[in-house]
Amino acid sequence: MCRLKSSFSSKDTQGRSPTKRMEMRSVVCGIDLLVILLSGVQAFLPDGGVGNTHVTITENAVMKKIIEVCKAVAESEGREFNPMGFYVEELLRACLGTATGQLSAAKFHEALNQIYMENSLVDRDFMVSDPHHFNSESFSGGHTLITQGTAAIKANIRKGSFQAARETLGRVLHTLQDFYSHSNWVELGNKKPYPALIRPDLTISNIADLYTPTCRDCASGTCPNQLLPSIMNRKKLTSGYMGLFSAYKPNGKCSHGGAADLSSTQNPRGGISKDERRAHNVDLHDTAVSLATEASLELLEDIRGAAGNKDYLRLMGIARSAVLCFVIDTTGSMADDIAEAKRVTYSIIDSKKGTQDEPSEYILVPFNDPDFGPLIRTADPDVMKAEISKLGASGGGDEPEMCLSGLQLALTGAPASSQIFVFTDASAKDTHLEKTITALIHSTKSTVSYLLTPSKRSARSVSPHARSGFQLYYDLALASGGQVIKVSKADLPRATDIIIDTSTSALVTILQKARNPGSVESFPFLLDASVSNVTVYVTGDSLKFSLHSPSGVSQSESAGKGSLAVIQTVGNLWRVQLNSPIETGLWNISIVSTQAYIIKVTGQSVNTFIYNFVEDFKGPHPGYAVIYGRPQRGLPAKLLVTVTGQKGAKVLKVQEVALVEVSGSRLADGVIQEMGGGNFFVTVSEVPEGEFVVMMKGEDVVTSSRFQRQSTTLMSLSNVIIKATVNSTLLPGEDFILPFTVMTNGTRGTYTITIGNDRGIPLTYNTKLNLVSGVGTESTVILKPPANTASGTDVTVTIAAEGPGRADSNYAVLRLSVLNKVTDLTPPVCEIVRVSGICLSYCTNYTWGLSVNITDGNGSGIEDISVQQGRGNFSQEAVVDGGITVVMGLYSASCCAPDVTLSVVDKEGNVGKCSYSVERSGGVSLSLSLPLWACLLLSALNTLQGVLLLF
């Protein structure tokens, strides 16, 4: 509990008044309260009841660690960390600082949901795997899953593969948490997490062997403690056996328990699971939850140490939302286009630096023929400037180029929901990747727009009525919610304003409609008080339109500057920028055309939503799982929707969630179930047969204005179902077998299987499968990454299945990780050489310093040393002493910054950490953060006070 202290002195040691001190303590209390209140946020998996679940345990640990890291970053930057409200959106703003501009929390929610979703999926995908749940005394297997998974997470982060790291983190946390619920660690009286679980150099010891009975019989199944006295006295470790399909278990062994566990009917009956809080196990359950949360925090702290504060926050989705992503044709005729891409890049970097609209990441993918790539990804704007300046135009000549190959790299390398711009003047040679690109668009929800500058070599039809030439680009852009802007090379600079429009951290889509062929039609859309910088884009040829405001004012396309908007035209694009201030209410745009056209209305607002289609699953722990493909035809569509806004979700009243056809007029309303914390479960019984998007309408209670938001990615239904599960990492130079299952509820026959990946890894699989309706057919794909593949590389695999006559298809997208064999399992060592300085009670004019020697012995070597917490300066110099590299470090800080934590990471990701604190009474004290095993080891070795073993 946080308390406010009273003080009778007029100033404290840092010269702050009592009022200022009270404000700062109030901030601390507010942050503590924020952790408590967030425990109800993001609980996206309904479990049919209340209480502690894997999701809530994970969420509490994740949010607590985020707040801790945000405070440390703010301190290092010399600013206050002061959330002004008790909701996720304000936490994000306080963490990133006070830069100008609107800040959307949508990607923060998306990142957290990726962790929580993968955590919950362990109960579906690995239901019968004992190691994933520490069932049936599978301690060695569970320990390996945790330590290898953690190594993969750290390697992914080093390579910038944050989504792959999040997915693995969710699974690892589930297994770690299950140890405390499914084993007898709590019954043995332990009050702290088991350190060996997350340490690759330690083993789980004192396990009851296969022939040692562990439990007594419990006919009621509600005994407080079934463990035999011999197990308790000897502190033997055991866990319950789980029999989902068989009642067998070794003689005398404990069962997991519960209705789904058949083994619990065999003597000894009952079970030792603490999954649910019941009258007979209240204390045990509560302790298991507490230890699972604390253990999750320890694992997150280890990952933080390896990643560093900034990359750890990026892992958690704490970053400015805007991403600048270009895919650029570098063939000989593209010199003007490359120059314009360079100009736009420089303009965005220079104009948005220091604002919330400054891109958090820059991605560049060149393509030519036959070459494409590599993907260049950086958070440093100067690196992006340098890389795009290197691009030159050469080669080409045979018009089609490797456009889709370059786009594939961008879709897998960019964060989800990115805006991707493709510059080209040629059609695609690699059209065989169409299904892969479509699957990636659906999976990532990224928007792809093309800037086409047709040259003489690409004198092909661009007619939207013929599937040739550039028509593939039109189809992919529409599927993603993007646009195809066709202009001459001379006019390209006037078309790239759309890139600047979308380079914002709070971009929302209000409306998107497409018509082919065109028609005379009026399209209404709502604008609320939170929306600014509203732009209407109309793409098409030979059309007329007029814009109508809520108050009845109109403006036609021929009026360049009118009372409602500024209208610019270039090529096939009309860009309509609404004048400020924007009138709230119901607007209309009327189109007159017989040719194909697309309308898109966007704006800037922090009020938005994210969504996922889900399906329910059965088992001991039923729930809902995200569908990573098209939803199943013939069933109601189910969605999990999260709403986010400037003042939190409470001020947004959701009134309607519907599936809406983009190319038609059908709208299917959903039944909305509020789940708390801005989360909603939506069921749509009658799903449109065509392609559709998600539309949400509601009211902002703060401004009393109605809002409308729309997703961008087109979705449709399918009778085909593809199931595949990521179970382990790939080893360079070795075969990796990935099993998958394909089933159809539609037409039987021969289905075409297409499997690809974004790393060019050779694949072996059957291209044809014979399917019978309602029966799953199993198959495999073998991947063999080259021996020189870097550890931490993520591999995005797409599996597509297409029915006879191309009448139906579906896909699955999986992210795999490559991990080299880890041989260095021990952390570095730190030796205190000297502590200098005297800190008196009045700190302002005094400094202190610390000298350390750090070495990794004969290990893999020191990769990084950073100040994880503290507001001082650290310098280092490496020397070789007796064949061992020793890093001599010097830390210095003001006595007003008395605490420091140094994080040391070796090249395998092992983390060492030491913490020091200055006492202002006139001396320096040493404070260490050491796990129990390290303390015992230090005691046993009688280590000198100045030598610390980093953990």
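A salt bridge is taken here as a side-chain nitrogen of Lys or Arg within 4 Å of a carboxyl oxygen of Asp or Glu. The views below show a predicted model.

**View 1. A salt bridge joins Asp-794 and Arg-815.** The closest N and O atoms of Asp-794 and Arg-815 are 3.1 Å apart. Asp-794 belongs to strand 31 (residues 794-802) and Arg-815 to strand 32 (residues 809-817), so that the bridge links distant parts of the chain, 21 residues apart. Asp-794 is buried, its relative accessible area being 5%. Arg-815 is likewise buried, at 11%.

**View 2. Glu-68 of helix 2 and Arg-304 of helix 9 form a salt bridge.** The N and O atoms that approach closest in this pair are 3.0 Å apart. Because Glu-68 lies in helix 2 (residues 54-76) and Arg-304 in helix 9 (residues 282-307), the contact ties together parts that are 236 residues apart in sequence. Glu-68 is partly exposed, with 35% relative accessibility, whereas Arg-304 is buried at 2%. Both residues belong to a network of salt bridges that also includes Lys-65, Glu-301 and Lys-913. In the whole structure, the search finds 42 salt bridges.

**View 3. Arg-314 and Glu-361 are joined by a salt bridge.** The N-to-O distance between the two side chains is 3.2 Å. Arg-314 is part of helix 10 (residues 309-315) and Glu-361 is part of strand 2 (residues 361-367), so the pair connects parts that are 47 residues apart in sequence. Arg-314 counts as partly exposed, at 22% relative accessibility. Glu-361 counts as buried, at 6%.

**View 4. Four antiparallel strands make up an open sheet.** The order of the strands is 8-14-10-11. Strand 8 (521-527) and strand 11 (554-556) are the edge strands; each has a single partner strand, so one side of each lacks a neighbour in the sheet. From one strand to the next, the twist averages 20°. Strand 8 pairs with strand 14 (residues 585-592) in the antiparallel sense over seven bridges. Phe-523 has Ile-589, in strand 14, as its bridge partner.

**View 5. Helix 15 is mostly covered.** Of the 10 residues in this helix (residues 471-480), nine are buried. Among them are Leu-472, Tyr-473, Tyr-474, Leu-476 and Leu-478. Gly-481 follows helix 15 and has a positive phi, near 85°. In the chain as a whole, buried residues make up 56% of the 951 residues.

**View 6. Cys-215 and Cys-254 form a right-handed disulfide.** A disulfide is a covalent bond between the sulfur atoms of two cysteines. The sulfur atoms of Cys-215 and Cys-254 are 1.9 Å apart, and the torsion about the S-S bond is 90°. Cys-215 lies in the loop between helix 7 (162-182) and helix 8 (229-233), and Cys-254 in the loop between helix 8 and helix 9, so the link ties together parts that are 39 residues apart in sequence. Both Cys-215 and Cys-254 are buried.

**View 7. Cys-218 and Cys-223 form a disulfide.** The sulfur atoms of Cys-218 and Cys-223 are 2.1 Å apart. With 100° about the S-S bond, this link is right-handed. Cys-218 is buried, with a relative accessible area of 1%, and Cys-223 is buried at 18%.

**View 8. A left-handed disulfide joins Cys-839 to Cys-895.** The two sulfur atoms lie 2.0 Å apart. The torsion about the S-S bond is about -75°, and the disulfide is therefore left-handed. Cys-839 lies in the loop between strand 33 (829-836) and strand 34 (847-855), while Cys-895 lies in the loop between strand 37 (884-894) and strand 38 (899-906); the pair therefore ties together parts that are 56 residues apart in sequence. Both Cys-839 and Cys-895 are buried. The count of disulfides comes to five. When the bonded cysteines of the chain are numbered in sequence order, the pairing is 1-2, 3-6, 4-5, 7-9, 8-10.

**View 9. The sulfur of Cys-830 is too far from that of Cys-914 for a bond.** Cys-914 holds the cysteine sulfur closest to that of Cys-830, at 4.0 Å. A disulfide requires cysteine sulfur atoms within 2.5 Å, and this separation is therefore too far for a bond. Cys-830 counts as buried, at 0% relative accessibility.

Methods: Residues numbered from 1 in each chain as written. Predicted model: local features only at pLDDT ≥ 70, side-chain atom pairs only at ≥ 80, totals over all residues. Heavy atoms only, no water. Helix = DSSP H or I, 4+ residues; strand = E, 2+ residues; numbered from the N terminus. Buried < 20%, exposed > 50% of the residue type's maximum accessible area, 1.4 Å probe, protein only. Pairing = 2+ DSSP bridges. Axes fitted to C-alpha atoms, helices over the stretch in contact; angles between N-to-C directions.
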